[in-house]
Every structure is written in structure tokens, then in C-alpha cells.
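The exercises below are meant to be worked with the sequence and the structure open side by side. Try each task before reading the solution that follows it.

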Amino acid sequence: MVAKNSILILAAGKGTRMKSNLPKPLHAVCGFPILAHILKAAQVLNPAAIGVVIGHGAEQVKQIVLEQKSTWGITAPVEFFVQTELSGSGSAVKAALPFLQKHDNVMILNGDTPLLKAETLERMYADFEAKKAGALVLAVKVPNPFGYGRIVRDAQNQFEKIVEEADADAKTKQIDEINSGMYVFNSAALVRALGQLKPQGPKHEYYLTDTLSLIKQAGQPAVVFTTQDYTQALGVNSRAQLAEAAQIMRARINQYHMDNGVTLINPQDTYIDAGVQIGADTVIASGCYLLGNTQIGSNCTLESSVYINNSIIHNDVTLKLGTYIEESEVAETCQLGPYAHLRPKSVLKKGAKVGNFSEIKKAVIGEGSKVNHLSYIGDTQMGAGVNVGAGTITCNYDGKNKHTTVIEDHVFVGSNVNFVAPVTVHEYAKIGAGSTITKEVAAQGLAIARSRQVVLEKKGVKKEHD
Ligand code: UD1
Ligand code: CA
């Protein structure tokens, strides 16, 4: 049986206007590459296969897709086709001829429209089939059509042709209905039309857009499918359009979370990536960044300017102003900040506190333990109920290797203590303020490791005017 309903994404173009070393499909919008958003929407249609035409930065694009596709939830087989000569969207499709030959119908998507919606793609396919079309194009009316191909309709208001900006006369430029760069084709009709393409425009490119009028001329219907939500068609060609796309996607993401019971104090200034999950009744103040695959529980409070990347925050956590969390996990009812920093692989157990200007790296802070002031705790296993005094430092690095500090349950650490790792402090021990601990401390022991105070008598002090 011949497989149906497959999707081909054109991602070979140079993306010249981005002025970037990074291939355009890999530029991020709300935490995912543009291409990932398109693949994710494509996946929703459960296609038999997804083809990706690569060219500029081909190896890099292919590598990222292969590495990440499972984390993006792409289960359809992905096939790559290399376009060697970057001479337009029509030649990009020609590079994927074997893909067209395998599938009866194919949906083609530009690789630079991250705001497309799967539901629209589904409706396009349904309309294509209902109308027994040879080709279908998604068109939208936009406030500023500059730069897009215009949909030219005939006297019966039916599709006639698409005219690119560079080839449009003054009258055509007035048309505000544009080609979104999303299509469905009958593969056989498309293959025939591709064979008839002639180079067009100032850059002598083969336009995919010309195939629609060729298919119509060959006697098969070429139809226009429209949608009101024109934001879906925004093509990212420049950094300004990248920012615009991100802004629109952010608004959608924020709306989604508010609909799910999350309070955003100032949604215009809250930056939540597409992969983030947030529980109900969490309140998020202005200027927060929640990035990557971060998960936040319910009933949490995030004060201003909290930054969280790829981390898990459980329920009822308070993150005060300026807290910065990377690749870490924070259990229920913990409190962090103001200005706390969790570096990767830190774990805070239930009810732990990390406060003012404290830095935690690759450390476990046990249940109810407190590191409240001006401390650095790295490569540390800390038990429950530990109190760490202000200015405590784990000296975890000897210039070559990192070493572990172990602080067992209920240890009391006075202020301004250094732990020279590797070192273990057993449960219920106390460490005197100002100590530099280099040796194991027994359970319930009291360790004081500082020089005695000496008070020299005031003598022989020369007065200035003797
Ligand atoms: C294209 C359409 C235009 C439409 C607009 C929607 C054509 C000729 N024009 O214009 O009608 O309004 O998209 O956003 O298609 N590509 C390749 N190989 C190439 C050239 C391009 O794979 O040699 C890919 C690009 O990576 C991109 C897509 O095709 O994903 C469109 O190319 P782009 O240069 O962005 O076309 P536009 O000028 O935006
Ligand atoms: Ca484009």
C-alpha cells in the first residue's frame, strides 16, 4: 500500500537576511529551533513520513534534528534530502523527488514559519481531499504584505497565480492576501509541474509558487485555503521577524498558562519557553525567565527576575527576587533568595532554604537545612536539619580535582567556616565560627580550628606631634 499524507519541510535556504553563522531553521523561538516548532506541528498530523530538505548548514541541521527529535516528540520517520544548488524553493522540492514519488499527496511547509498551528494543517489536508484538488495553498490577509508572495485571484475570485514581491507591479503589491508558504499537493501533479519550472526573478530562482498555476493550467484545481489568524504565516527572514515571532508565541504560551490557573502579574514581561509546565495557583511576577524543560509545581511564588533553566520546582516553593536556578531540583516548600544561585545538579530537599547571595553547585541540601547568607556550597552532601552560618565556604577544588564535603544531619556550622574537601562532619557536630576544617569531625563533636586571639598591649606608639 502506498503511504499517504506526508510532509516535506524546506529548510535549505541560506537565510541571508539573518546575517548569522547559525542556519536559520536552528534559530530559537521560545526555547526551540524554528524547525522544531514546524516538526512538532507536522507530527500532530501523524504523517507516514517527514522529509526535510537541507542545504545551507546541512550537516548541522541534520545532526540537531537527529539528536533532538525524540525530545521534541517526533515519532514519524524523518528523511533528509540535500539540495546542492540553492536556487529557490522549487529546486528545493526537486531535491526531494524520491519523497514525492513515495507518497500520493504531500504537504510542503517552508522551514521558517514557527507560528503555524497543527489544527490549520489538519484543516488544509481535509479541504484538499474534499475538493479533490491538485494543489492547495494556505493564504492569509496581513496588515503588511511586503516581502511575501501575493495571491492573485481571477474574475471568479478563484486562484490564478502567486506573484513574488520582486516581480510584482504596483497594483499587485496592493494585494494584502499572501502566500503563507504552506501547501498540499498531489505528488504526481507536482512532479509534472516541477519539470516545467523556469527560472524567475532577479535571482533566477525556481519558484515552488509557480507550480500552482502550472497545475491549474494542466486542468487540476488549485485552491486557496484561508484562515483569519494571520500570525500563523509569519515567516522569519530577519532578526526583527525572529523577535516578532517570539513575541507572538510568548503571548500564546502565557495565555495558555493563565487559562490553566497561573497568575502572571505582567504577562508582557514574562518569558516562558514552549516546553515549560506550571501548576495552578502559582504566581509569577514581572521579568521572570522560565526556560527549556522547566517544570514548576502549583502554589509557588516567583518574585521578580527569577531565572530558571531546565529545572524541576515542586509545589509551594517561594523564589524571591533574582533567584537563578540551572538544571536543578527543588522540593516542596523550599525558599530561595533573594539572589540565590543553584548551579547544575543541585538538589534541595523539602523545606530547605538557600538565601541571600548563596551559591550551591552539585550539592544536596537536606530536608529543612539552611544556607541563608553569603555561602558557597559545592560538591557537598548535606543531611537534614543542618544550619550553615553566614559566609561558609566549601573549598572543593585543589587546582586539579574536585572533592566532596559531607555534612551529616543536624550539624551546626558557625559563621565564616571553610571546609577543605575531602572532609566529613558527622551528625550533631558543631563547628566554631571562623574555623578551617581539614579533618573529619566526629558525631556530636565540637571542632574549633582557628588561631587564638592575641591582644598586644599598646606600647611604643609614636605620636605624630611629640
Ligand atoms: C516564500 C514564498 C512566498 C511566500 C513566503 C512565505 C517562494 C518562491 N516564495 O518567500 O511566496 O509568501 O515564502 O513565508 O517560495 N528554501 C530552500 N532552498 C532554496 C530556497 C529556499 O530550501 O534554494 C527554503 C527556505 O529555507 C525557506 C523556504 O524555502 O524555508 C522559503 O524560502 P525563503 O527564501 O524564505 O522565501 P521567501 O522569500 O520568504
Ligand atoms: Ca521566508
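This is a predicted model, and every task should be read with that in mind.

**Exercise 1. The calcium ion**

Task: Determine which protein atoms are donors to the calcium ion (ligand 2), and state whether their residues are buried or exposed.

Solution. Begin with burial: Asp112 is buried, and Asn237 is buried as well. These two residues are the protein donors of the calcium ion (ligand 2), Asp112 through OD and Asn237 through OD1, at 2.3 to 2.5 Å from the ion. Next, place the pair along the chain: Asp112 belongs to the loop between β6 (105–110) and α5 (118–130), whereas Asn237 belongs to the loop between β11 (222–226) and α9 (239–259), so that the pair links distant parts of the chain, 125 residues apart.

**Exercise 2. The open sheet**

Task: Work out the strand order of the open sheet of eleven strands, and find which strands form its edges.

Solution. Following the pairing from strand to strand gives the order β12-β15-β18-β21-β24-β27-β30-β33-β36-β39-β41, and the pairing is parallel. The edges are β12 (263–264) and β41 (446–447), each of which pairs on one side only. To examine one pairing in detail, take β12 and β15 (residues 283–284), which are joined in the parallel sense over two bridges; there, Thr263 has Val283 of β15 as its bridge partner.

**Exercise 3. Backbone geometry**

Task: Locate two cis peptide bonds and two residues other than glycine with a positive phi.

Solution. As background, most peptide bonds are trans, and most residues other than glycine have a negative phi. A cis bond joins Gly337 and Pro338, with omega about 0°, and Pro338 lies in the loop between β24 and β25. Another cis bond runs from Ala421 to Pro422, with omega near 5°, and Pro422 sits in the loop between β37 (418–420) and β38 (423–425). Turning to phi, Glu327 has a positive value of about 40° and is found in the loop between β22 (324–326) and β23 (329–330). Thr333, with phi near 60°, is located in the loop between β23 and β24. Glu327 counts as partly exposed because its relative accessibility is 43%, and Thr333 is likewise partly exposed, at 36%.

**Exercise 4. A nonpolar surface patch**

Task: Identify the residues that make the nonpolar surface patch of about 400 Å², and explain why Tyr339 counts as partly exposed.

Solution. The patch is made by Leu321, Tyr339, Phe357 and Leu374. Of these, Tyr339 is placed in the loop between β24 (335–336) and β25 (341–342). Its relative accessibility is 40%, and partly exposed covers values between the 20% limit for buried and the 50% limit for exposed, so Tyr339 counts as partly exposed.

**Exercise 5. The two faces of a helix**

Task: Decide which residues of helix α7 (residues 187–196) are buried, and why they lie on the same side.

Solution. The buried residues in α7 are Ser187, Ala189, Leu190, Ala193 and Leu194. Because they cover an arc of only 155° around the axis, they fall on the same side of α7. The face turned away from this buried side carries Arg192 and Gly195, which are exposed.

Terms used:
Residues are numbered from 1 along each chain as its sequence is written. Chains are lettered from A and ligands numbered from 1 in the order in which they are written. This is a predicted model: local features need pLDDT of at least 70, side-chain atom pairs count only at pLDDT 80 or more; totals for chains, interfaces and linings use all residues. Side-chain values use heavy atoms; hydrogens and water are left out. Patches are made of residues with over 30% relative accessible area and no salt bridge: like charges are joined within 9 Å, nonpolar side chains (Val, Leu, Ile, Met, Phe, Trp, Tyr) within 5 Å. Accessible areas come from the Shrake-Rupley method with a 1.4 Å probe; for residues, only the protein chains shown count as cover. A salt bridge is a side-chain nitrogen of Lys or Arg within 4 Å of a carboxyl oxygen of Asp or Glu. Helices (H or I, at least four residues) and strands (E, at least two) are DSSP runs, numbered from the N terminus. Buried means under 20% relative accessible area, exposed over 50%, partly exposed in between (1.4 Å probe, protein chains only). Two strands pair if DSSP finds at least two bridges between them. Donors are N, O and S atoms within 2.8 Å of the metal (3.2 Å for Na, K and Ca); water is not among the atoms, so sites may look incomplete. The arc is that of the directions from the helix axis to the C-beta atoms.
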